[in-house]
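Please work through the exercises below with the sequence and the structure open beside you, and try each task before reading its solution.

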Amino acid sequence: MVRNYLKVFGVGLLLTVSIVCMVQFKQQHSAKETLREEGIRYYRMARYEDAADCFSLALKQQELFTEESDRDIYYYLADGEMKQEDYASAITYYEKLVQLKEESVDLYANMGICYEQLDKAEQAYSCFKQAVALEDSNGDIYSHLSQVCNKLGKTEECQEYAQKGYDCVKKQLSKNVTALLSGGQANSLTTGERRDLNQCGQLAYFSGNYQEAYQYYEILYQSGDSSAALYMGHCLAEAGEYERAMELLNAYKETDGDNPLADAKIVYCYMQLGQYEEALALVDEALNQEGQTLQQELLYEKGVALERKGEFDSAFDCFAQYVEQYPGEEKGKREYDFLVTRISDEKAAVAGVDNGN
C-alpha cells in the first residue's frame, strides 16, 4: 500500500509541476506577445521609435519555441529603420535574420537596397544576386541589380539582368500603355502606369534597347513629366545622336536646373565628338558643385579625356584616385592598369631600357 501511495503521490507531484511550468510559460509568452502586438500597433501609426522600444523588450523575453515570433520582430525592426532611412541599422537586423537561417526574396532584396543607399555596390550586388536566385521573375530586383552592375562596370551582366527585368515588366503593362506605345489614343496615365513606363524605360536603356527606352520616356514627357527629357537625352546619346542629345539636355537644364546626370551625359557627348577641352571644363565645373552625386562617373570621364588628349601623367593621377575611391569597379581598373604599362614603357624608352614588350 505504501509503495502504491508513493507512486500516486509522485505522479501527482509531477503533474502539479508540469501545470505550474505551463502557467509560467503561458504568462511569459503572453508578455512577449503583448509587447510584440504593441510594437506592431506603433509601427502602423508610423511611430517607429516607440515600436522599436516595444520590439526590443519583446526580444529580451527569454522563452522556448518563439523563433518565428523573433523573425517577425526583426523584419518589423528592419523595415522601420528603412522607413527612417537608417540603412546601416536596418542591415544589422537583416543580418540577425540571416543568422536565424532566414532566406527570402524580401530579405535579400531589402538588404541590397540598404547597401545600395550606403553606396556599397559590391555588397548590394551580392544581395540582389541571392534575391534573383530565389525569384527569377521580379522586375524590381532586376532593375536594382542592373544598376549596381552598371556602377561596378559589369557591362555584360548589366545588360543581361536589365533584359530579363525588361521582359518581366513588359508582360505586366496595361492596355492603356500598350495602346500609347502603338501610337493609339489612350486615357490619362495612372500613378502605376507612370511607374511601369519609368521602369521599362530604365530597363530597356540598361539592356541596350535605346530606341525602345526613348519611346517610353517620350510618352511620359508628352504626358507632362518634364524630367523624362533628361532620360530621352541619355537614350539619344547612347544611340549615337550626340548633337541632338546635348540640345535636349541643355534645354532640360534651362527649365529644370542643373542636374549631375545631365552634366555627366553632356560630358560623354563632348568626349564622343572629340571635344575634350569642353568636356574637361564641364567636368571640373560639375565636380565643384556642392553635394555632387556622380563623382565616380565624372572622375572616370575626366581621366579618359586627359588620356585622349595625350596627358598621360595627369590621366594616371586621375585613375589612381579613382581606383582608390572605387576599388571594386572594373572599368576604371582597366584604364589604370593600361596607364601603368604606358607610363612604364615611356620611362623605359627614355632611359633606353627594353621592357621585353
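The exercises that follow concern a predicted model, and each task is followed by a solution in steps.

**Exercise 1. The protein as a whole**

Task: State how many helices and strands the protein has, what percentage of its residues is buried, and what share of its exposed area carbon and sulfur atoms supply.

Solution. Begin with the secondary structure, which comes to 18 helices and zero strands. Next, take burial: of the 357 residues in the protein, 41% are buried, where buried stands for a relative accessible area under 20%. Then turn to the surface, where the protein exposes about 20,100 Å², with carbon and sulfur atoms supplying 49% of that area. Finally, consider contacts between residues with a separation of 6 or more, of which 51% join residues that are 24 or more positions apart.

**Exercise 2. The largest pocket**

Task: Find which residues lie closest to the centre of the largest pocket, and say which helix gives the largest share of its lining.

Solution. Start from the volume, since about 1,600 Å³ of space lies in the largest pocket. The lining of this pocket consists of 48 residues, and those closest to the centre are N150, Y205, F206, K265 and E297. Now assign the lining to helices: α16, which spans residues 295-308, contributes seven residues, the largest share. Last, sort the lining by class, which gives 19 nonpolar, 14 polar and 15 charged residues.

**Exercise 3. The second largest pocket and D119**

Task: Describe the lining of the second largest pocket, and then decide whether D119 is exposed, partly exposed or buried.

Solution. The second largest pocket holds about 190 Å³ of space. It is lined by 13 residues, and D119, A121, L152, Y326 and G328 are the closest to its centre. Helix α6, running over residues 121-134, supplies three residues, which is the largest share of this lining. By class, the lining divides into four nonpolar, four polar and five charged residues.

For D119 itself, first locate the residue, which lies in the loop between α5 and α6. Its relative accessibility is 47%, so D119 counts as partly exposed. Then examine the backbone, where phi of D119 is near 65°, a positive value in a residue other than glycine.

**Exercise 4. A loop residue with positive phi**

Task: Place K101 in the chain and work out whether K101 is buried or exposed.

Solution. K101 is found in the loop between α4 (87-99) and α5 (105-117). The relative accessibility of K101 is 72%, and therefore the residue counts as exposed, the cut-off for exposed being over 50%. As for the backbone, K101 is not a glycine, yet its phi is positive, near 65°.

**Exercise 5. Residues brought together from separate parts of the chain**

Task: For Q61, T155 and E212, determine in which loop or helix each one is located, and give a C-alpha separation for each.

Solution. Take Q61 first: this residue is in the loop between α2 (48-60) and α3 (67-83), and at 28% relative accessibility it counts as partly exposed. Its C-alpha atom is 7.8 Å from that of A31, although the two residues are 30 residues apart along the chain. If residues up to four places away in sequence are left out, Q61 touches A31, K32 and L35.

Continue with T155, a residue of helix α8 (residues 155-170), which is partly exposed at 47% relative accessibility. T155 and F206 are 51 residues apart in sequence, while their C-alpha atoms are 9.0 Å apart in space. F206 has already appeared among the residues closest to the centre of the largest pocket.

Finish with E212, which belongs to helix α11 (residues 210-222) and is partly exposed at 34% relative accessibility. The C-alpha atoms of E212 and L181 are separated by 9.5 Å, with their positions 31 residues apart along the chain. Apart from its neighbours within four places in sequence, E212 is in contact with Y166, K170 and A204.

**Exercise 6. Cysteines**

Task: Count the disulfides, and decide whether C168 and C235 are buried or exposed.

Solution. With the sulfur atoms of a pair required to be within 2.5 Å, the count comes to zero disulfides. C168 has a relative accessible area of 12%, so this residue is buried. C235 is likewise buried, with a relative accessible area of 1%.

Key. Residues are numbered from 1 along each chain as its sequence is written. This is a predicted model: local features need pLDDT of at least 70, side-chain atom pairs count only at pLDDT 80 or more; totals for chains, interfaces and linings use all residues. Side-chain values use heavy atoms; hydrogens and water are left out. On a 1 Å grid over the protein atoms alone, a cavity is a set of points where a 1.4 Å probe fits but cannot get out, and a pocket is an open set with protein on both sides within 12 Å along at least five of seven lines; lining residues have an atom within 4 Å of a point. Grid points are joined across faces, edges and corners, and a volume is the space filled by probe spheres set on the points. Helices (H or I, at least four residues) and strands (E, at least two) are DSSP runs, numbered from the N terminus. Ala, Val, Leu, Ile, Met, Phe, Trp, Tyr, Cys and Pro count as nonpolar, Asp, Glu, Lys and Arg as charged, and the others, Gly among them, as polar. Buried means under 20% relative accessible area, exposed over 50%, partly exposed in between (1.4 Å probe, protein chains only). Contact means heavy atoms within 4.5 Å. Accessible areas come from the Shrake-Rupley method with a 1.4 Å probe; for residues, only the protein chains shown count as cover.
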